[in-house]
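Trainee: I would like a close look at a single part of this model, followed by whatever connects to it. Please take it step by step.

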Amino acid sequence: MTFAPQIKIPATYMRGGTSKGVFFRLDDLPEAARQPGKARDSLLLRVIGSPDPYGKHTDGMGGATSSTSKTVILSRSTKPDHDVDYLFGQVAIDKPFIDWSGNCGNLTAAVGSFAISNGLVDASQIPDNGICTVRIWQANIEKTIVARVPMSNGEVQETGDFELDGVTFPAAEVQVEFMDPAADDGEGSGAMFPTGNVVDNFEVPGLGELQATFINAGIPTIFVNAEAIGYTGTELQGAINEDPQALQMFESLRAHGAVKMGLIDDVAEAGNRQHTPKIAFVAPPQDYLASSGKQIHLTDIDVLVRAMSMGKLHHAMMGTAAVAIAAAAAVPGTLVNLAAGGGDRTSIRFGHPSGTLQVGAEAKQANGEWTVTKAIMSRSARVLMEGWVRVPGDCF
């Protein structure tokens, strides 16, 4: 019996923010995988090593967590006034499934760096020293993102002293601006608050009625109060990820919330949309010990936030969820805003399992509806490995 030999595909393994993934130039993919569809999904699943019933990704590039089971496809932009088109795929660990419904805000920090280093940005706009502004078209959600990438002697500067909780070592700071991050593409109601309210009474079978803020900014996100579901907001991963009943409760919340947001028609459809919406819980500030052992004092933060990603509590915070946090905090009366003490806010520092993060947003109200014009955060990015990834030639 003969077997197809392995093929090799140019690829770069990168960290962006608190995530990492495999980056490809669209033109470097096998021809069959250059278009959306089964061939592309099959190839990327094999690259990551999914589905893996052992939950380890031993035979692939994935890291067996939602933060490390990611793929990115980049190409020169087809949109006017943009440099690069960015497509993100969240790869399921134990299922043959890639969710293309949302963005990864953390890996966004690496998009500009990759684009510069791989010839996707015109040389005329890349300074030898200083900051290179890269305008990114996020193809999943059809939004503009601006990355400001530091340059040194004509090369992307990756080393530096910027520290990001959830990342072990310091690196160079990359500022990321999410322009008009609220929904306007018709998904759900097409509004930042798809129910029309900043807070809703939300009925969930088995849990009863609780308050929730449903927001679509950065990524569709559902915020609930920690106290309402039996938590304090200081929880680390083990407290939730090792509790099957808790995980089931959060998935029920997510599924019913997706219906209320208009993202799906029936809770049975939630399994085919694992990446979105996100579910998060908030609480007023209090002291806690981060997963690194770092002591976080209530005076260090404005609010506590914990968020679920692909069915597990995230070890830090998803970048897109951080955009949602910034946007919700900027609108008076949301659960995030109220947990932070209420009032008008253009920036907020929140506590997450790995430490703290400061984010900012500019919000305005017109004709009774809230919009956010921009959300800003700082991240860092670094190339971990570059060359070729190998997969069996008959995997797609």
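Trainee: Which element gives the most to the lining of the largest pocket?

Mentor: The model is a predicted one, and what follows should be read in that light. The element is α4, which gives four residues to the lining of the largest pocket, the most of any. In sequence, α4 runs over residues 244–260.

The pocket itself comes next. The largest pocket holds about 710 Å³ of space. It is lined by 35 residues, and those closest to its centre are S66, I93, S309, M310 and K312. Besides α4, at least two lining residues each come from β2 (19–25), β4 (84–91), α3 (237–241) and β17 (312–313). Sorted by class, the lining has 20 polar residues, eight nonpolar and seven charged.

The second largest pocket can be described in the same terms. Its volume is about 330 Å³. Of its 19 lining residues, F162, E163, L164, L357 and Q358 are the closest to the centre. Two strands, β19 (355–366) and β20 (369–379), each supply at least two residues of this lining, and β19 gives the most, with five. Here the classes come to nine nonpolar, six polar and four charged residues.

Two of the strands that line the largest pocket, β2 and β4, also lead to helix α1. The buried residues of α1 are A39, R40, L43, L44, L45, V47 and I48. The general rule for such a helix is that it has 3.6 residues a turn, so residues three or four places apart point the same way. What covers the buried residues of α1 includes β2 and β4, along with β1 (6–16), β3, β5 (98–99) and β21 (381–392). After the helix comes G49, with a positive phi near 100°.

R46, also in α1, is missing from that buried set. With a relative accessible area of 30%, R46 counts as partly exposed, because buried means under 20% and exposed over 50%. R46 forms a salt bridge with D59, and the closest N and O atoms are 3.4 Å apart. Since D59 lies in the loop between α1 (38–48) and β3 (70–76), while R46 is in the helix, the pair ties together parts that are 13 residues apart in sequence. D59 is exposed, at 56% relative accessibility.

The loop between α1 and β3 also holds T68. T68 is buried, at 13% relative accessible area. Leaving aside residues up to four places away in sequence, T68 touches K20, M61, G62 and G63. T68 and T12 are 56 residues apart in sequence, and their C-alpha atoms are 14 Å apart in space.

The bridge between D59 and R46 belongs to a wider set, as the structure holds eight salt bridges. Another of them joins E177 and R148, with the closest N and O atoms 3.0 Å apart. This pair links distant parts of the chain, as E177 is in strand β9 (residues 174–179) and R148 is in strand β7 (residues 143–152), 29 residues apart. At 7% relative accessibility E177 counts as buried, whereas R148 is partly exposed at 28%.

The side chains of K294 and D165 also meet in a salt bridge, at 3.3 Å from N to O. K294 lies in the loop between β14 (288–289) and β15 (295–296), and D165 in the loop between β8 (155–156) and β9, so the pair ties together parts that are 129 residues apart in sequence. K294 is partly exposed, with a relative accessible area of 38%. D165 is buried, at 18%.

The cysteines complete the account of cross-links. With a disulfide taken as a pair of cysteine sulfur atoms within 2.5 Å, the count comes to zero. Two cysteines may still be placed by their accessibility: C132 is buried at 0%, and C395 is buried with a relative accessible area of 17%.

How values were computed. Residues are numbered from 1 along each chain as its sequence is written. This is a predicted model: local features need pLDDT of at least 70, side-chain atom pairs count only at pLDDT 80 or more; totals for chains, interfaces and linings use all residues. Side-chain values use heavy atoms; hydrogens and water are left out. A salt bridge is a side-chain nitrogen of Lys or Arg within 4 Å of a carboxyl oxygen of Asp or Glu. Buried means under 20% relative accessible area, exposed over 50%, partly exposed in between (1.4 Å probe, protein chains only). Contact means heavy atoms within 4.5 Å. On a 1 Å grid over the protein atoms alone, a cavity is a set of points where a 1.4 Å probe fits but cannot get out, and a pocket is an open set with protein on both sides within 12 Å along at least five of seven lines; lining residues have an atom within 4 Å of a point. Grid points are joined across faces, edges and corners, and a volume is the space filled by probe spheres set on the points. Ala, Val, Leu, Ile, Met, Phe, Trp, Tyr, Cys and Pro count as nonpolar, Asp, Glu, Lys and Arg as charged, and the others, Gly among them, as polar.
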